[in-house]
Amino acid sequence: MKRMTLIAAALALSVSAAQAQEGGYAVLMKTLANPFWGAMAQGVEDGAKEAGVRYFAQAVESDQAAEPQLNVCNTMLQRKPEAMITAAINSTNLLPCLAQANAAGVKVVDLDGNLDPEILKSAGVEIAFSIGSDNVAAGAQGAEWLVSQLGAGATGPVLVIEGLSGNITGQKRAQGFAAKLADLAPGLEIVASLPGDWDRGKAATIANDILTRHPDLVAIFAANDGMALGAVEAVHAAGKGAQVTVIGVDGNADAVKSIRDGRLNASVAQLPYLVGKQAVVDVAKAIRGEAVAPVIHVPTLVLTKAVLDAGTEPLLAYVK
Amino acid sequence: MARFALASIDHGWTVAQRVALERAHVRLESLVVLLLLGGVMAFLSPFFLSVGNLLNILLATATIGILAIGATFVISGGGLDLSLGSVMGLAGVAGAWTCVTLGLPAPMGVAACLGAGMAAGWINGQLVTRAGVPAFIVTLGMLGLARGLALVISDGRVIYGLPSGLVWLGQGRPFGVPTPVFIFIFAALIAHYALAYTRFGRHTLALGDSEGAARAAGLRVERHRRALYVIAGLTAGLAGMVFMARVNSGDPTAGMSYELTAITAAIIGGTNLFGGRGSVLGAMIGALIMGVLQNGLNLMAVQSYYQQMAIGAVLILAVFIDQRQARGARA
C-alpha cells in the first residue's frame, strides 16, 4: 500500500515538474557504433555552436534497424523541432515521418544522401537539401590515384569489392571506380566485382579466392575501409603485399592507422565531420530564408602514407 | 488521470475484477510496472503524455506486439519460434513483390503477406512434428532460410511503391488513430480470447504443461503443435504486412532480431518459457512496457545502447519477481 502512495506522489509531482522545451534541430543518425557517425555527430555539435542553435541527436542500435529508426523519428517530431536532419537507414523507412514533418512545416534535410529523389517525389516528401559525399566521384578518385601510381599503360587484373548487394552507396562507389579506370587505364581489367556486404571477413575471403584464381592481381578497390582492411590482411597473408595495391573508401581511424603502418595503400576519405557541421549551418540558413543548393557535395580526399606523413593538406584537419 | 487509475488498482478492485484478471492470466505486477513506468516517463519528459505521443507508442509497438502474440501461442504450448522476425521480413517482401513486381491488386498483396507467413509456419510445424527435429533447430534454420529468400526475391533492395489500398493499412488514420494500431488491438483481442477462453487455448496450455499428459488425455498433440506454428507464422505475416504498409515498401532486412524482442515481451507478460502458462494480454503489456521505455528514453534523447540495457534488465527483473512469487505460493 505504501508503494502505491509513493507512486501516486511521484505522478503528482510529474505534472508540476514537466516543462516544455520545444524547438531546436532534431538530428537522427544511423548508429554511433560506426566511428563515421561519431565524427559526424561531432561536426553537428560544432556546427550548432557556430550557428548558435540548440539541437538534440539520436541514433539507433544498428544500421539495419529500419523500423526502430522510424519510431525514433516519430518521437523526435513530438518535440516540435524546427528542422529534421536525418540519415535514413534506407530510401523508404523514414518517409511516413518525413511526410509528417513536411505537414508540420519542419525543414527536412537528407544527411549523407540516403534518400532517392524519385521516391521522394512519388511519396510527396519535400526536402530542403541533401548533403554528403559524392560517392561516384569518390570511386573515380580511387581510380585516378591508382592510375597515378601504376601508370596509364599498366596492365593486369583488378578486383572490386562492392558493399551490401543492392546498397546504392556501394554501387555508386564501385561504378565510379570502374568507369574512371576504364577511361584512364584500359589495360587494367576488372576481373571480378563481388558484394562484400560491408563485412571485413567476407572481403578477406573474396580477396583470397580471387588471388587463387588470379595470382597476378595488381589492385583491389573496396567500397569501404572495413572491407579494404580485410582484403589487405588477406593480401599480406598471401605474401603479395608489394604486388597488390589496396584502396578503400571512408578514411576511418583504423584505415589511417593501417596506411601509416604501410599496409593499406590508400583510402578515399569522406569528411563526415564537415558534412555534419555544414548540414547544421546550412539548415540554419534555409530557415532564415536564404538560398541553399538542393544537393551539396562535401569534398573527399585521397589519404596515402605520403599525404599523412607530410600533413600539409588543409582538409586533413577534418579527418577524425 | 493516471493517478486515478493507479489508485483504483490499490483500493478499488472488486472480487469480480480480480477473478477476471486471474482468468486472463495477467499479473497485476506487470500492469503496475507499466503504469509506474508511464508515470516516471511523464515526470521526466513533458512530451510524453500527449495523445500524439501515446498513439506513437502504440504504433511503434504494433509489429512487436503482433509477433508477441505468435510467440505466446508457441511458447505456452511448449514450443519455440526463432524465425518470427525473418518471416516478418519475408512476408513484407512477398507482399511488395506481388503488388509491385507482378502488378497484382492490393488484396493479393495482403494474401501474399499472410500466405508467406503461414507457409513458413506450416513448414516449421511439419519439420518439428513429422521429422522430429527440435523446434530450436528447425526455427533457427527457418530464420536463415526466410531471410535469405527475402533477399533473393528483392535482390537485396527495398521494393518501393505499393498500391494505395495497401499503404492505407499502414499509414491510414481512421478516427485519427493509425490503422496499424487498430490491427494490433483487434488481433490481440481475438488471440487473447482464443488462448484464455476457448478449448483450443486450454489444449495449448495443457500441451505446454505436459505433452505426455495431454496425449494421454486424448489430445492430438502433433496436429495441435502444427496449428500453433501456423498461428505464429500468421502473426509474422501480419506484422510483415503492417510494417510493409507503413513504409510503403518491402524491406528484406525488416524484423531483424525481432523474434527475441517478441519472446521478451511474452515472458515479461508472464508466459513460461517452458510452456504451460501464457497470456496474450500479458504479452501485450510486456510489449507496451518495452514500447514505453523506448519512447520515453527517445524523448529524453538517451542513447539507444542504454535502451537495450534497460530492456534486458526489465526482462530479468520480471522473471525474478515471477519466480519469487511462485516460490512464495508454494511455501
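How many bridges join strand β8 (residues 219–222) of chain A to β9(A), and do these strands run parallel or antiparallel? In the predicted model, three bridges connect the two strands, and their directions are parallel. Within this pairing, A219(A) has T245(A) of β9(A) as its bridge partner.

The β8–β9 pair belongs to an open sheet of six strands in chain A, ordered β7-β6-β8-β9-β10-β12, in which the pairing is mixed. The edges are occupied by β7 (188–195) and β12 of chain A; each has a single partner strand, so one side of each lacks a neighbour in the sheet. On average, neighbouring strands of this sheet are turned by 20° against each other, direction ignored.

Strand β10 (residues 266–269) of chain A pairs with β9(A) and with β12(A). Strand β9 (residues 245–250) of chain A is joined to β10(A) by four bridges in a parallel arrangement, and V249(A) stands opposite V268(A) of β10(A). Between these two strands the chain passes through helix α10 (residues 253–260) of chain A, forming a right-handed β-α-β crossover. Four bridges also link β10(A) to strand β12 (residues 301–304) of chain A, but here the strands run antiparallel. In that pairing, A269(A) faces L301(A) of β12(A). In a regular strand, side chains alternate between the two faces of the sheet. For β10(A), both faces are covered: A266(A) and V268(A) on one side, and S267(A) and A269(A) on the other, are all buried.

Helices pack against this sheet. Helix α6 (residues 135–150) of chain A lies across β8, β9, β10 and β12 of chain A, and runs at about 155° to β9(A). Helix α9 (residues 225–237) of chain A also packs on the sheet, where it touches β6 (156–162), β8, β9 and β10 of chain A. The direction of α9(A) makes about 160° with that of β9(A).

With respect to overall organisation, chain A contains twelve helices and twelve strands. The domain assignment divides chain A into domain 1 (22–127 + 272–298) and domain 2 (135–270), and the centres of these two domains of chain A, taken over C-alpha atoms, are 31 Å apart. Along the principal axes, the C-alpha atoms of chain A fill a box of roughly 75 × 55 × 40 Å. Of the 320 residues in chain A, 53% are buried. Among contacts in chain A with a separation of 6 or more, 74% are between residues 24 or more positions apart.

Backbone geometry was also examined. Most residues other than glycine have a negative phi. W198(A), which is not a glycine, nevertheless has a positive phi of about 60°. W198(A) is located in the loop between β7 and α8 (200–213) of chain A and counts as buried because 21 C-beta neighbours lie inside 10 Å. In chain B, N248(B) likewise has a positive phi, near 55°. N248(B) is placed in the loop between α12 (221–247) and β2 (249–250) of chain B, and is classed as buried because it has 26 C-beta neighbours inside 10 Å.

As to confidence, the model scores ipTM 0.74 and pTM 0.80. Chain B has an average pLDDT of 88, with 90% of its residues scoring at least 70. Over residues 1–11 of chain B, however, the pLDDT is below 50, and this stretch has 17 contacts in the model beyond near neighbours in sequence.

Key: Residues numbered from 1 in each chain as written. Chains lettered and ligands numbered in written order. Predicted model: local features only at pLDDT ≥ 70, side-chain atom pairs only at ≥ 80, totals over all residues. Domains from an automatic or database assignment. pLDDT = per-residue confidence, 0-100. Contact = placed C-beta atoms within 7 Å. Buried ≥ 20, exposed ≤ 12 C-beta atoms within 10 Å, placed from the backbone. Pairing = 2+ DSSP bridges. Right-handed = clockwise from strand over helix to strand, strands pointing away. Axes fitted to C-alpha atoms, helices over the stretch in contact; angles between N-to-C directions.
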